[in-house]
Amino acid sequence: MGKLKPGTTYIYERDDKGNTYSREMGSTDRKLIGYGYGQKELDEHNLFVQMRLASKTNKTLRKALDRAIMIYQLSESDSK
């Protein structure tokens, strides 16, 4: 990211995906300064983390997660 210019007014904007941009007042040239993460994605990530932690003591959940991971890895290798 570039350096701020003394005495310059900056406008900060957020798009529909939650990404944050800055631009100098009067300019249309925006610079991406932050990525947006939707609440749904964060909730899904947190759920997966909770499942991984729970699988340490739940053999059935561990086997299901291992299968899901294997299916994901196989599908990724097939697409390459």
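**Figure 1. Pairing of strands β1 and β2 around Y10 and E24.** In this predicted model, Y10 has E24 of strand β2 as its bridge partner. The two strands, β1 and β2, are antiparallel and are paired over 5 bridges. Strand β1 spans residues 10–14, and strand β2 covers residues 20–24. In the hairpin that they form, 5 residues lie between the strands. One of the hairpin residues, G18, adopts a positive phi near 90 degrees.

**Figure 2. The hairpin of strands β2 and β3.** Strand β2 also pairs with strand β3 (residues 31–34), again in the antiparallel sense, through 3 bridges. Within this pairing, S22 is matched with K31 of β3. Between the strands of this hairpin there are 6 residues, and G26 has a positive phi near 90 degrees. As background to both strand views, side chains in a regular strand alternate between the two faces of the sheet.

**Figure 3. R30 and its contacts with Y21 and E13.** R30 belongs to the loop between β2 and β3, whereas E13 belongs to strand β1. The charged end of R30 is placed over the ring of Y21, at 3.9 Å from the ring centre. The side chain of R30 also forms a salt bridge with that of E13, with an N to O distance of 3.4 Å. This pair connects distant parts of the chain, the two residues being 17 residues apart. R30 counts as partly exposed because its relative accessibility is 39%, and E13 is likewise classed as partly exposed, at 23%. No ring-to-ring contact accompanies this view, as the structure holds 0 aromatic pairs.

**Figure 4. The salt bridge of K31 and D29.** The side chains of K31 and D29 meet at 3.4 Å, N to O, in a salt bridge. K31 is also the residue of β3 that is bridge partner to S22. Are K31 and D29 buried or exposed, or do they fall in between? K31 has a relative accessible area of 44% and is therefore partly exposed. D29, at 48% relative accessibility, is also partly exposed. In general terms, side chains of opposite charge can pair when their charged atoms come close.

**Figure 5. A salt bridge within helix α2, and the salt-bridge network.** In helix α2 (residues 59–78), D66 and R62 are 4 residues apart, which means that about one helical turn separates them. Their side chains form a salt bridge with an N to O distance of 2.4 Å. D66 is partly exposed, with a relative accessible area of 39%, and R62 is partly exposed at 24% relative accessibility. Elsewhere, salt bridges with shared partners connect E13, R23 and R30 in one network. Over the whole structure, 5 salt bridges are found.

**Figure 6. A nonpolar surface patch that includes Y37.** The residues L32, Y35, Y37 and L42 make a nonpolar patch of about 470 Å² on the surface. Y37 is located in the loop between β3 and α1 (39–54). Why does Y37 count as exposed? Its relative accessibility is 62%, and the class of exposed residues begins over 50%.

**Figure 7. Helix α2 and the segment after it, with distances to other parts of the chain.** K59 is part of helix α2 and counts as exposed because its relative accessibility reaches 70%. From K59 to G18, the C-alpha separation is 38 Å, with their positions 41 residues apart along the chain. This G18 is the residue with a positive phi near 90 degrees in the hairpin of β1 and β2. A64 is likewise a residue of helix α2, and at 38% relative accessibility it is classed as partly exposed. The C-alpha atoms of A64 and P6 are separated by 56 Å, and the two residues are 58 residues apart along the chain. S79 lies in the segment that follows α2 and is exposed, with 57% relative accessibility. From S79 to D16, the C-alpha to C-alpha distance is 30 Å, and the sequence separation is 63 residues.

Notes:
Residues numbered from 1 in each chain as written. Predicted model: local features only at pLDDT ≥ 70, side-chain atom pairs only at ≥ 80, totals over all residues. Heavy atoms only, no water. Phe/Tyr/Trp six-rings, centres within 6.5 Å; stacked < 30°, edge-to-face > 60°. Lys NZ or Arg CZ within 6 Å of the ring centre and 35° of its normal. Pairing = 2+ DSSP bridges. Patch = residues over 30% accessible without salt bridge, like charges linked within 9 Å, V, L, I, M, F, W, Y side chains within 5 Å. Areas by Shrake-Rupley, 256 points an atom, 1.4 Å probe, with all protein chains shown as cover. Salt bridge = Lys/Arg side-chain N within 4 Å of Asp/Glu carboxyl O. Buried < 20%, exposed > 50% of the residue type's maximum accessible area, 1.4 Å probe, protein only.
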